[in-house]
Amino acid sequence: MKKEWQGLFITIEGIDGAGLTTQTTILADRIRSLGKEVLVTKEPTSGPIGQVIRRILSGEIKHEPCVLALLFAADRAYHFSSEILPALLKGQVVISDRYILSSLAYQGVFLPVSWVKEVNSCSPDPDLCILIDVDESTARERIEKRGNRREIFEREGEAELIRRNYLELAKKLSWVKVVDGRGPVDQVANLIWKVVEPRLEEVST
Ligand code: TMP
């Protein structure tokens, strides 16, 4: 199917502690070094809906899983139309640290994946999604090193369920590519580069 944009839309996914933010930054720098324009962005956004989501994730506001799923879908529709699409229409490369696959994998632990897909139908699939795959114990070690406050999805055992969902989705969706995320940062960055570099031919800027 012909894309509605000239740019390239890449998303980076994985369980908490997989190294998404680090790898997003490295990938963006590599693409920029080729002279291409890159927009780096993230979900949940820092917009109005994203701010409510953060308060739920920190435990400050209580929620039902379907409320959170709808908020993520609304935040994404807002994100895509206000930030992602305008950049893609200008021919830029957009890298989003989390997008639709996060909802399918995380909210899919508590809710039917088909319903989560349906409520996200305003937001188109990315051109390419890199799934950084790590096991729960590796992810946990990294989170502990980081020393951040835990969010609601960092409970024992839950990460393996989310990971399983991610890997199941990757088998079904052709635009998802799995990268082994267990190695050192540079090694993982090189694996990601091998997948992304050939796709940059699609961008003219
Ligand atoms: P972050 O730690 O990468 O900023 O993401 C915040 C948390 O929100 C993380 O645990 C993943 C979760 N999340 C979902 O459950 N569904 C979603 O659609 C998104 C974007 C994030």
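**Exercise 1.** Determine whether R98 is buried or exposed, and describe its backbone and its place.

*Solution.* Step 1: R98 has a relative accessibility of 13%. Step 2: The classes are buried (under 20% relative accessible area), exposed (over 50%) and partly exposed in between, with a 1.4 Å probe and protein chains only. Step 3: R98 therefore counts as buried. Step 4: R98 lies in the loop between β3 (93-97) and α4 (100-106); helices (H or I, at least four residues) and strands (E, at least two) are DSSP runs, numbered from the N terminus. Step 5: Phi of R98 is near 80°, which is positive although the residue is not glycine.

The model is predicted: local features need pLDDT of at least 70, side-chain atom pairs count only at pLDDT 80 or more, and totals for chains, interfaces and linings use all residues. Residues are numbered from 1 along each chain as its sequence is written, and side-chain values use heavy atoms, without hydrogens and water.

**Exercise 2.** State which side chains make a polar contact with the side chain of S102.

*Solution.* Step 1: S102 is located in helix α4. Step 2: With 8% relative accessibility, S102 counts as buried. Step 3: A polar contact is a pair of N or O atoms within 3.5 Å; within protein, one must be able to donate a hydrogen and the other to accept it, and residues adjacent in sequence count only if both atoms are side-chain atoms. Step 4: The partners of the S102 side chain include the side chains of R98 at 3.0 Å and Y166 at 3.4 Å.

**Exercise 3.** Identify where P44 is found and describe the peptide bond that leads to it.

*Solution.* Step 1: P44 belongs to the loop between β2 (38-42) and α2 (48-57). Step 2: The bond from E43 to P44 is cis, with omega near -5°.
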